[in-house]
Amino acid sequence: MLKSLLAGVAAVGLMASAAQAKDRVVNVFNWSDYIDESILEDFTKETGIKVVYDVFDSNEILETKLLAGGTGYDVVVPTGTFLSRQIQAGVFTELDKSKLSNLSNMWKDIEARVEKYDPGNAYSINYMWGTTGLGYNVEKVKAALGEDAPVDSWDLLFKEENISKLKDCGVHLLDAPTELIPAALNYLGMDPDSKDKGDIEKAGELLKTIRPYVQKFHSSEYINALANGDICVAVGWSGDVLQARDRAAEADNGVTVEYSIPKEGALMWFDQMAVPADAPNKDEAHEFLNYIMRPDVMAKASNYVYYANGNKASQELLNEDVIGDPAIYPSEDAVNNLYTVTAYGPRIQRTVTRTWTSVKSGQ
Amino acid sequence: MASETSSSAPKRSLGGWALIAVPYFWLFLFFLVPFFIVFKISLSQIAVAIPPYFPAFDLGQGLQVLFADLKELSLENYIFLTEDDLYWRSYVSSVTIAAISTFITLLVGYPLAYGMARSPKEWRPTLLMLVILPFWTSFLIRVYAWIGILKNEGLLNQLLLTLGLIDQPLTILNTNIAVYIGIVYSYLPFLVLPLYASLEKLDGTLLEAAEDLGCPPWKAFWKITLPLSIPGIIAGCFLVFIPAVGEFVIPDLLGGSNTLMIGKTLWVEFFNNRDWPVSSAVAVILLLILVIPIVLFQNQQQKMAEREG
């Protein structure tokens, strides 16, 4: 029995390696729930390149894998701040722009903002961009705080008199110190991109005051929790909250989820596709990037995940509920109110992490 | 355990040496070599590079570079661990959680193993199978399943609410209680199996003799069964305690954000700070904390065995 099982495994293994020799493959490592999977099927149909698709849910996981080297991935999707440090560490290969004919479709404004992380956009293309703001359950927040609940302001979260009333219906925060600490700094009227130890500790103090009212620090669970009506407020990523909004609407469970970019400002971030220096299939990776930059493909992706993309040409093809939604494509004024941050160096990173640990553990 | 020492051993044949060389080679390859890699990293410094520490000891660069690298090593990271009380608190809290869970596992596991060992012979293979059966499902999925059971709207709370035992759902998920439940559940077979093995070997005639001499069953259990099953208890408890101290998955999925365990501290150090040197130092200390008591215990056992012998 065991013998035949082993023989079977060996046979499958042989078949797999034989198939590999023939087929072209691209190994993509992307955020969870971040693409319309039919895009991958279409890509394979058109190019004959098989997509091996794998997902992560935090930049930290991706970065640790990349820094260990030899990941075997051909395309990865770090956020700008992380990307810039990874470029310094020599993780990525410069893109061969001669193979990326669709680059002309990209949005110059976004490229200009990405310069901060990837000078000359030499190593990466923008996949999606978004904001980190407030997702909330309309009815529950109204029930807790009344009609004039400050859902358009960080006061909802950072004022103890407000969040203490939301405790019972549930508050989730992203488990992402590099996003929450800037948010706290911004609320305190300090530079959200501050690298000063004292400033970060002050942000930590503010976060500690709201800690007793936070049910969970997690970076993906809030989507379902919001959609099911399990929680009433989450600090989350724009598109994720909007996915929760749609899931709730589809389920028709009496839950209405909304997303707001607080008036004090919010973090604007950029998820960039890049090719690791040790990627085994660089040609296929470039073909994949070029395919992704096609306006129809990018529009399909945004229509599915509810994030804005860095592809100007795709905008004509976007659904009205995407391009017309200021939570996804904020007006120019609103964009000017958004802030961006840069990567932390190792020493200050330790302060940030330690502050975050003590916020989370309440000690 | 390692009581059959070689004090009176005759000269070994080549084959004999080869035979004992196998486990040593195994230990060398899968324990000492990885340990030295971790130890070496713990003496390095953090760097923005692949891999993210320096010196990296690239063997391709010749001996001189290698020796120059050797000078760069320092104990700085170990000193750092003493400066922040987070690490000590994590160690203490992990050991406490593991000890409490081990004790509960023993309380649950002993009757189970005892019942199995005393059951009719033809049932035993089936019962053993039942203990091993959960391993057929992925560990991760089984821990995930507990989220569904323990959460506020979960099975357990709904059951208790329907029975009218509580009128408010109990908050169990994301607390230390959930961690205890997770550890006890996951590691129960590791305690039951060695305990069952030692209970099954128990000489039944001793109990019969006790009964004949008028000893009540509970006393016979206390005086005969329990002492004779101590080796099984110890082996089982070690098998639960040691992995529980370094457990990461269970506290991460079931524990709350105030559950402090060294596995999580290590994870944060490694992933959030990208500080491989400090996380390696944390791991080396953890190993020392675990290995020293075990070695002391073994020595003690050996001495006792020699005294008795």
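How many residue pairs are in polar contact between domain 1 of chain A and domain 2 of chain A? Exercise 2 gives the count.

This is a predicted model: local features need pLDDT of at least 70, side-chain atom pairs count only at pLDDT 80 or more, and totals for chains, interfaces and linings use all residues. Residues are numbered from 1 along each chain as its sequence is written, chains are lettered from A and ligands numbered from 1 in the order in which they are written, and side-chain values use heavy atoms, with hydrogens and water left out.

**Exercise 1. Describe how chain A is divided.**

Solution.
- Step 1: Find the pieces. Domain 1 of chain A covers 23–129 + 269–330, and domain 2 covers 131–268 + 341–361. Domain bounds come from an automatic or database domain assignment.
- Step 2: Find the spacing. The C-alpha centres of the two domains of chain A lie 26 Å apart.
- Step 3: Count the contact residues. Domain 1 of chain A gives 22 residues and domain 2 of chain A gives 25. Contact means heavy atoms within 4.5 Å.

**Exercise 2. Analyse what joins the two domains of chain A.**

Solution.
- Step 1: Take the area. About 1900 Å² is buried between domain 1 and domain 2 of chain A, with 54% from carbon and sulfur atoms. Buried area is the accessible area (1.4 Å probe) that two parts lose on being put together, summed over both.
- Step 2: Pick out the main contributors. On the domain 1 side, Trp269(A), Tyr306(A) and Tyr307(A) lose the most area to domain 2 of chain A, together 31% of what that side buries.
- Step 3: Count the polar contacts. The answer to the opening question is 10 residue pairs, both residues at pLDDT 80 or more. A polar contact is a pair of N or O atoms within 3.5 Å; within protein, one must be able to donate a hydrogen and the other to accept it, and residues adjacent in sequence count only if both atoms are side-chain atoms.
- Step 4: Name the elements. α4, α5 (108–114) and β9 (267–274) of chain A each supply at least two residues of the domain 1 side that touches domain 2. α4(A) gives the most to that side, with 4 residues. Helices (H or I, at least four residues) and strands (E, at least two) are DSSP runs, numbered from the N terminus.
- Step 5: Sort by class. This side of domain 1 of chain A has 14 nonpolar, 2 polar and 6 charged residues. Ala, Val, Leu, Ile, Met, Phe, Trp, Tyr, Cys and Pro count as nonpolar, Asp, Glu, Lys and Arg as charged, and the others, Gly among them, as polar.

**Exercise 3. Describe the interface between chain A and chain B.**

Solution.
- Step 1: Count residues. Contact involves 28 residues of chain A and 28 residues of chain B.
- Step 2: Take the area. The two chains bury about 2400 Å² between them, 55% of it on carbon and sulfur atoms.
- Step 3: Count salt bridges. There are 5 between chain A and chain B. A salt bridge is a side-chain nitrogen of Lys or Arg within 4 Å of a carboxyl oxygen of Asp or Glu.
- Step 4: Check an example. Asp85(B) pairs with Arg354(A) in a salt bridge, with the closest N and O atoms 3.9 Å apart.
- Step 5: Find the leading element. α17(A) provides the largest share of the side of chain A that touches chain B, 8 residues.

**Exercise 4. Decide whether helix α13 of chain B is enclosed or open.**

Solution.
- Step 1: Count. In α13 (residues 262–272) of chain B, 8 of the 11 residues are buried, so the helix is largely enclosed by the rest of the structure. Buried means under 20% relative accessible area, exposed over 50%, partly exposed in between (1.4 Å probe, protein chains only).
- Step 2: Name some. The buried residues include Ile262(B), Val268(B) and Phe271(B).
- Step 3: Look past the end. Arg274(B), just after α13(B), has a positive phi of about 55°.

**Exercise 5. Locate some backbone exceptions.**

Solution.
- Step 1: Recall the rule. Most residues other than glycine have a negative phi, and most peptide bonds are trans.
- Step 2: Find cis bonds. Ile50(B) to Pro51(B) is cis, with omega near -15°. Phe54(B) and Pro55(B) are also joined by a cis bond, with omega about -5°.
- Step 3: Find a positive phi. Asp33(A) has phi near 55°. Asp33(A) sits in the loop between β1 (24–31) and α2 (37–47) of chain A.
- Step 4: Check exposure. Asp33(A) is partly exposed, at 45% relative accessible area.
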